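Me: Please go through the structure shown below with me, question by question, and let each reply reason its way to a value or a name.

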Amino acid sequence: MCSRHDLLLVAATLLQMFVVLLLLSGEPAAAGKVTAIIVFGDSTVDTGNNNYLSTLVRSDFAPYGRDLHLAAGDGVASGGGNGRPTGRFSNGRLAVDFISEAFGLPPLVPAYLDPSVNISSLATGACFASAGAGYDNATSDLFSVLPLWKELDYFKEYVARLTTFSGDDMAAKTISEALYIVSMGTNDFLENYYATVARRGHATEFATATSYGDYLLTVADKFVRDLHALGARKVDLNGLPPMGCLPLERTTSGACTEEYNAVAERFNSGLVDAISKLNGELGDGARIVYGDVYSALAAVLADPAAYGVENVKAGCCGVTGVFEMGYMCGARSPLTCADASKFAFWDAIHPTERLHRVIADAKINTTLHVFILIVEDATPFTSIYSGNKTTQSDNRLPPSMASSQPLLLLVPLVAIIMTSPPAAAVAAGRSVPAVIVFGDSTVDTGNNNAIGTPLRSDFPPYGRDMPGGARATGRFGNGRLPPDFISQSLGLPPLVPAYLDPAYGIADFARGVCFASAGTGLDNATAAVLSVIPLWKEVEYYREYQRRLHTHVGATSARRIVRDALHVVSIGTNDFLENYYMLTTGRFAQFTISEYQDFLVAAARDFLTVIHRLGARRVTFAGLSPMGCLPLERTTDMILGGDGGCIEEYNKVARDYNEKMEAMVMLLRAKLPRLKLAFIPVYDNMVNFITNPEKFGLENVEEGCCATGRFEMGFMCNDVAPLTCDDADKYLFWDAFHPTEKINRFMAQHTLDICYQQGVL
């Protein structure tokens, strides 16, 4: 029987290449427009439920709501407009209201307990939030408000009412296509845990705020799972704000309480991890996204003038603005400011309408973009920002904010996710001037066409499903690659040009450029195996590109383009499968597998440090997929007498490598100034595709579409090869190593999701 060594040597002679798969964390969001906005949480999103409770935590009196002005015919269900208090803890609308309008829904989300609101109005939006509530039921008990379990009970009642009103099918459609916004947690810390005299419930059981936060995360996880069981599929789970910077929590000197901010950041980090787990485990088209409230508020606090804000330390309402809220923020309170738009906070805890608008804008332009579909009858937001729908002239954005916060210029929101660029993503992409790519065949858009290597794909059937008609560009797939979809989603060209392609010039490269070379690796010796571009040479081309860019646009603009560009790095599989296990370079004798992993991690660290020194600030670095599950490795297993399954030895190597690489990325992110670096975890997501293919519309995850799909790639995958499939969308792999365009689309979306969640974008 042939040894594994012999078989892998055969694989090398067949010029097989290997892929780093960047896969979606969970299934794609359910198709169809957002049918309703459904809200759970506390005072940050309560649109008036506490008006109908026996609690002191209320705001259904002046001057709350004084700047809430909506013209007739704006779809206001009740109690809104004309400067009247609605129970919202602000001078006007909340972020959830702006988000609702952005999706073409009514500009005010009605409170479920409002007796004047009928089920017809609730069919497009319902708020179950209660000011003062928390994840910990004991927090809600402090103020006699709705605990989270009761909010969920009201939602169940709502579902029953909706079913009676619209029928089973329509109700199910509304529930599954609605956007669920969950915003709470601040009260658990500030009103319960840190209020040592009043501390109740689970807050008394934990010695540290971190351990209490971990408990709250388990509640949040269970709540999302309960929502999913009831039909929810699109969930925006919000993190905590920089709660140490609320006016009430600032020190006597006016400084933020950094302990509280650190607690918020730790909680938010745990929430991101919980969301990743939920996306990996929940099925039926569920998509959970992280609502990054912290970054949105921190941006205003750091540079208030950019948002037209003058005061971030005190609230507008009351004498001092540092402790007044609720009944202390009354109509007779002297010294309440005349122009709330100049303030970040309305009272000592709650944002002004202006800040709520900023929060909504930031979320629509980042994580919520994945839910933006065709909204044909949406009211254009341009009229809001131009003042046509408000009687308060101070609600108009200053020029600096109009350019940096473009949400309201986006509607009608016309976008098909990842097919044409989402409108919000296009706007967000204005701050990303280019996509710059390094790596191997997973991201090479055609550089190998121009070098003397047999490892090429500039012939059919490669590129047969490219937009505009079949065209072999040198991409190893039936269509576009992840950088292409990322570029388009950011409002940039739909194809990232290869740097060595003579058809493109520096004007094209100023908006996107690819230095990647199929067959290369972090180890320079890997590139020598198939005579491709080593990583050091990709960096040299990057330097040359910057010099050309300086000449083209000037030094200042060139530095800005490089600084703000998204750098995409996908590399590493070839180092193991084309180099270490092939015995062609001597690395096998030089290193143990663990030592070689360490060698590659050091090479990656050096590479990232170099491009940072050259100006890169936004970078994604992909981990390895379960490379033992590539079609060629399954064929190897079969030849060795197995059943054609994955080679676990290779998969374990990938897992161990990923763990080391992610740890390095975290250390480097903390070490290098202003570096926004995201590790893209792909392993578990790939396993999800392989083990649950039907959820993603896949029929074959073991073979490639081209030829037999078992070993062909490069020149063996050609237009005369027999058995090439008709519909590549049913396949995970295009050839024996590379994914189909459909999977590349998922790769891109996963990468963008991580970028938005981790603040790279």
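Reply: One cut-off is needed beforehand: a residue is called buried under 20% relative accessible area, exposed over 50%, and partly exposed in between. The model is predicted.

Me: Is Ser531 buried, partly exposed or exposed?
Reply: Ser531 sits in the loop between helix 17 (524-529) and helix 18, and its phi is positive, near 55°, although the residue is not a glycine. Buried residues lie under 20% and exposed ones over 50%. Because Ser531 has a relative accessibility of 45%, the residue counts as partly exposed.

Me: To which class does Arg674 belong, buried or exposed?
Reply: Arg674 also has a positive phi without being a glycine, here about 60°, and its place is the loop between helix 24 and strand 12 (676-680). The relative accessibility of Arg674 is 65%, so the residue counts as exposed.

Me: Where do the buried residues of helix 18 lie around its axis?
Reply: Helix 18 runs over residues 535-553 and reaches 27 Å from its first C-alpha to its last, close to the 27 Å expected at 1.5 Å a residue. Its buried residues are Leu535, Glu538, Val539, Tyr541, Tyr542, Tyr545, Gln546 and Leu549. Because they cover an arc of only 155° around the axis, they are on the same side of helix 18.

Me: Which exposed residues does the face of helix 18 turned away from its buried side carry?
Reply: An α-helix has 3.6 residues a turn, so residues three or four places apart point the same way. In helix 18, the face turned away from the buried side carries the exposed residues Arg547 and Thr551.

Me: Which residue follows helix 18?
Reply: The residue in question has a positive phi, near 95°. Helix 18 itself spans residues 535-553, and what follows is Gly554.

Me: At what angle do helix 22 and helix 24 pack?
Reply: Two packed helices are described by the angle between their axes and the distance between the axes. Helix 22 (residues 593-613) and helix 24 (residues 648-671) have a right-handed crossing. The contact includes Leu600, Val601 and Leu608 of helix 22, and Tyr657, Met661 and Met664 of helix 24. With their axes 10 Å apart, the two helices pack at an angle of about 35°.

Me: What covers the buried residues of helix 10?
Reply: The buried residues of helix 10 (residues 293-302) are Val293, Tyr294, Ala296, Leu297 and Val300. Their cover includes strand 4 (234-238), helix 9 (258-281), strand 5 (287-291), strand 6 (311-315) and helix 11 (353-364).

Me: How far apart in space are Leu108 and Thr47, C-alpha to C-alpha?
Reply: Leu108 is in the loop between helix 2 (95-102) and helix 3 (119-122), and with a relative accessible area of 6% Leu108 is buried. In sequence, Leu108 and Thr47 are 61 residues apart, whereas in space their C-alpha atoms are separated by 8.2 Å.

Me: What is omega for the cis peptide bond that joins Ala62 and Pro63?
Reply: Pro63 is placed in the loop between strand 1 (37-41) and helix 2. The peptide bond joining Ala62 and Pro63 is cis, and its omega is about 10°.

Me: What percentage of the residues of the protein count as buried?
Reply: The secondary structure of the protein comes to 26 helices and 14 strands. Among contacts between residues at least 6 apart in sequence, 75% join residues at least 24 apart. Of the 761 residues of the protein, the share that counts as buried is 62%.

Technical notes
Residues are numbered from 1 along each chain as its sequence is written. This is a predicted model: local features need pLDDT of at least 70, side-chain atom pairs count only at pLDDT 80 or more; totals for chains, interfaces and linings use all residues. Side-chain values use heavy atoms; hydrogens and water are left out. Helices (H or I, at least four residues) and strands (E, at least two) are DSSP runs, numbered from the N terminus. The expected span of a helix is 1.5 Å times one less than its number of residues. Buried means under 20% relative accessible area, exposed over 50%, partly exposed in between (1.4 Å probe, protein chains only). The arc is that of the directions from the helix axis to the C-beta atoms. Contact means heavy atoms within 4.5 Å. Axes are lines fitted to C-alpha atoms, for helices over the stretch in contact, and angles run from 0 to 180 degrees between N-to-C directions. A crossing is left-handed if the near helix is turned anticlockwise from the far one by less than a right angle, and right-handed if clockwise.
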